[in-house]
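Biologist: Please take one part of this model and go through it closely, residue by residue where that helps. Then set it against the chain it belongs to.

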Amino acid sequence: MYETYKSVNENPCNMCMPLGGIIAFRGIEKSMVLLHGSQGCATYMRRHIAEHYHEPIDVASSSLNEKGTVYGGEKNLIKALDNVIRVYNPNCIGILTTCLAETIGEDIDRIKSEYKTSRNISIPIITAPTPGYGGTHSEGFVKTSYRIVEELSTDKERHDRINVIVPNISTADLREIKRLLELMKIPYILFPDYSDTLDSPFNFPYKKIPDGGTKISDIMSMGGSIATIEIGINYEETPGKYLQDRFDVPLYKVPIPIGLRNTDAFLKLLKEITGNPIPKSIEMERGRLIDGMIDSHKYNFVGRCTIFGDPEMVYSVFTTCMENGIHPLLIATGSKTQKLKELIASEDNPLNDDITIVDETDFSHILKLSEEKEVNIAIGPSDGKYLTEKGGIPLVRLGFPILDRVGGQRILSVGYTGTLNLLDRITNTLLENKYKTYRKDMYEKYYKVI
Amino acid sequence: MELRLDIPEREKFIKMKGKHHKKEFICNTDSVAGSVSQRACVYSGARVVLNPIEDAVHLVHGPIGCASYTWDIRGSLSSGSELFRNSFSSDLKESDVIFGGEEKLSKCIDEIYEKYKPKLIFVYSTCIAGVIGDDIKAVCKESSKKYNIYVVPVESSGFVGNKAAGYKAACNSLLDLIKEFPVLKKEPLSINYMGDFNLAGEAWIIKGYLNQMGLKVNTIFTGDSNFESLKKATASSLNIVQCAGSMTYLAKKFEETFDIPYMKVSFLGIEDTSNSLRKIAAFFNDKDVMLKTEKLIEEKTKMAKPIIEKYKRYLKGKKAAIFVGGGFKAISLIKQFRELGIDVVVIGTQNGQKDEYEKIEEIADYGTVILDDANPSELEKFMVEKGADILAGGVKERFLSYKMGIAFIDHNHDRKHPLSGYEGAINFAEEVYTTACSPVWKYVKDGVNKCV
């Protein structure tokens with residue numbers, strides 16, 4: 001284990017809370033988000049999210065100026081709400097705060113309540129405090145999901161569906177989870193479901209708010225579900241926890257189902273909760289994954305890996321590497337997480353002699369450690385291109401954000417099929433790198449020496 | 001056609017060429033709350049201007065997001081150091097917001113100095129730094145003294161205006177820095193090139209032209225510039241300004257402070273490039289320079305014209321919409337589209353100035369919609385109503401355009417091909433052809449996504 005404390009962050013490995021909140025809100029049907037703060041926050045987050053998803057991302061801002069900052073931003077926020085309703089006619093509005101709004105102490109809940117009464121508005125307006133200095137985008141996603149469920153889930157009438165609550169994973173991953181649930185004939189409420197809203201099909205005419213998202217009526221009835229399966233490992237205060245505390249909905253937590261073991265755990269849990277059998281077709285997918293793992297196991301053994309990104313993603317990629325004989329030497333995340341460290345330390349693992357875990361870190365540190373450990377492959381979002389540019393370490397792009405390639409939003413990694421897809425990408429990156437230089441390497445190593 | 005909008009307040013920001021509106025056209029003011037403006041903040045304006053200074057450290061004093069979203073924000077190329085491609089942040093956390101972040105900022109500078117020994121550090125103020133009242137100036141001054149380097153504060157708190165205020169903040173920081181050096185004796189045939197950020201080598205293309213004309217380029221603000229080149233700026237006889245929005249202010253200050261005159265130029269499109277080069281040569285009133293300039297224009301035009309004519313055959317009669325940052329760029333783009341036989345039907349900018357909008361109205365066709373600080377909903381409305389086939393804009397506009405089945409030209413910070421000069425004019429024509437004549441539109445123009 002290796003820890004250094006420094007003040008300066010050199011090349012950030014994370015983004016800020018409201019960004020995660022925007023993505024969570026996109027998982028509600030016909031919703032629109034408004035950031036209470038200065039204009040730039042909305043613009044930059046829109047750009048970041050748009051470049052990853054290759055979709056228009058409309059996010060309003062209360063456009064706080066100097067006056068609003070000094071005397072309070074209430075007027076701006078009210079005007080912004082009026083205009084959002086006029087232009088977008090949403091079924092739900094999310095208000096996220098930024099650093100600025102939090103620091104000047106805006107009471108958005110009061111403003112919201114008064115606004116709803118004075119305008120006689122019945123659609124839900126959900127507030128979430130997401131100061132940029134309060135945590136990373138990953139925490140913003142969970143916190144906002146929590147606020148949405150807390151606000152909307154009021155109905156405890158029992159029904160036969162299960163809640164599946166997801167972290168920030170790809171749109172293809174969301175669709176894969178739905179496919180697996182449908183193959184197992186399990187009625188479900190997936191939340192937040194941005195698989196269509198952030199990866200919408202081409203169609204005329206253009207819609208300002210794309211179709212898709214978890215229905216508000218479904219979120220309302222999450223308190224009456226048979227159980228909640230919460231995907232992700234990192235957080236205590238989660239929407240699933242809320243549903244358990246408030247409505248006694250049994251809560252089960254599983255890692256993101258990437259990798260054989262994690263996917264097994266996910267499906268086993270589904271089977272246990274519902275009694276539904278795992279169909280043959282899914283077992284065949286599992287068999288194909290194992291077949292693929294055998295095909296590539298020798299190639300993978302040379303892999304010396306840095307894994308970085310959101311903690312829950314990092315954990316599942318870590319276990320997948322372990323299953324395949326790839327040596328994870330550096331595990332890094334911009335978030336603060338004790339849980340990840342504990343989970344990784346608890347793995348019984350013969351390869352585990354030199355694993356370093358760093359949280360709240362940045363890319364300059366990740367590069368330095370990766371070079372020290374002579375890492376030969378990195379897995380994570382595309383800002384890791386820094387490791388390739390500066391350190392010559394090839395990068396397998398995975399997670400959020402992927403800004404420098406097309407298709408980053410629809411990379412499939414969950415389930416047996418997704419895992420095989422990820423594994424192939426990792427193995428092929430290792431092979432490509434090996435074949436790139438092996439003639440030269442052998443010449444240098446054996447011919448020249450003789 | 002009606003200019004009615006969902007947000008009535010926005011109607012003041014929109015006009016149509018040929019229609020006499022009683023109401024005054026408004027620009028360069030605060031965005032309407034909730035209108036989904038495409039504008040950024042003061043900090044971002046300052047960052048994009050200063051970022052290409054390649055051996056400088058760019059340290060953002062604020063919470064992490066500000067530095068995350070602007071890491072390597074421009075595709076600027078460098079012939080020297082790559083230090084500028086990093087993004088440093090004091091990463092303010094909740095406790096810093098409560099107790100103040102000056103001490104942390106000071107430590108950050110210490111750590112940066114120890115690791116990189118830079119000669120120049122820019123320290124950007126963000127919303128939070130401004131609100132909690134950290135005295136960035138004092139910290140910079142102290143660190144400058146401690147290490148005998150230049151630590152320059154940039155007053156760019158996000159909420160004190162829009163991107164244009166950030167440009168001004170950046171120019172003030174540049175001016176403060178340059179004032180620290182001795183004023184040099186003017187070299188007769190030398191020039192500073194302002195408002196080019198060397199995206200995909202654009203500043204190199206123009207520098208090449210100026211050199212061929214017999215002129216020496218002292219300093220480029222700020223594409224491929226560095227600490228040493230900034231020192232040489234006062235030795236120039238003329239400042240030329242390409243990106244008017246960001247750099248006219250600095251040029252004016254140079255005139256006041258160092259008695260160096262300036263002129264606005266544009267190197268977008270053959271017409272503007274040739275005119276600008278002639279204007280520059282005329283300023284120096286030197287026979288040799290003028291001769292060389294004409295020779296350059298002739299050679300380059302001969303090279304570019306036929307290629308552009310070839311594309312024009314396919315593009316004639318198409319309609320374009322423009323939504324870019326500054327008014328001056330929009331004006332050049334109108335001309336550039338015309339060189340390709342394309343009519344511009346919608347023109348919007350994020351931060352255009354009054355005089356620029358007057359010029360736009362003057363040269364636009366009858367019926368063209370002109371709008372300031374447009375939002376996606378308005379862009380969509382007017383592109384549909386005016387039947388635009390192509391949109392020129394930035395990243396956020398790209399996906400709106402594509403979702404509407406409309407071709408798109410990238411005029412953003414991180415494009416990977418130059419659009420300046422004759423080479424750029426060819427690239428532009430090629431890009432317009434590539435997108436407007438792509439076979440993909442065949443499958444979407446009939447309107448619906450259906451298998452049979």
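Modeller: Buried means under 20% relative accessible area, exposed over 50% and partly exposed in between (1.4 Å probe, protein chains only). The model is predicted, so local features need pLDDT of at least 70 and side-chain atom pairs 80 or more, while totals for chains, interfaces and linings use all residues. Residues count from 1 along each chain as written, chains are lettered from A and ligands numbered from 1 in written order, and side-chain values use heavy atoms, without hydrogens or water.

The part I take is helix α16 of chain B, residues 395-403. Helices (H or I, at least four residues) and strands (E, at least two) are DSSP runs numbered from the N terminus. Of the nine residues in α16(B), eight are buried. Hydrophobic side chains are on that list, including Val395(B), Phe399(B) and Leu400(B). Charged residues are on it too: Lys396(B), Glu397(B), Arg398(B) and Lys403(B) are buried, as is Ser401(B).

What covers the helix comes from both chains. The buried residues of α16(B) pack (contact: heavy atoms within 4.5 Å) against α2 (39-53) of chain A. From chain B itself, the partners are α15 (376-386) and the strands β10 (319-324), β13 (390-393) and β14 (407-410). After the helix comes Gly405(B), with a positive phi near 75 degrees.

Chain B as a whole has 17 helices and 14 strands. Of its 452 residues, 62% are buried. Among its contacts with a separation of 6 or more, 72% join residues 24 or more positions apart. The C-alpha atoms fill a box of roughly 70 × 60 × 50 Å along the principal axes.

Another helix of chain B, α10 (residues 244-258), offers an aromatic example. Phe254(B) and Phe258(B) both lie in α10, four residues apart, which is about one turn of the helix. Phe254(B) has 0% relative accessibility and is buried; Phe258(B), at 9%, is buried as well. Across all chains, 29 aromatic pairs are found. Rings of Phe, Tyr and Trp (its six-membered ring) pair if their centres lie within 6.5 Å; planes under 30 degrees apart are stacked, over 60 edge-to-face, the rest tilted. The ring centres of Phe254(B) and Phe258(B) are 5.0 Å apart and the planes stand at 70 degrees, so this pair is edge-to-face. One aromatic cluster involves both chains: Phe308(A), Phe363(A) and Tyr386(A) join Trp71(B).
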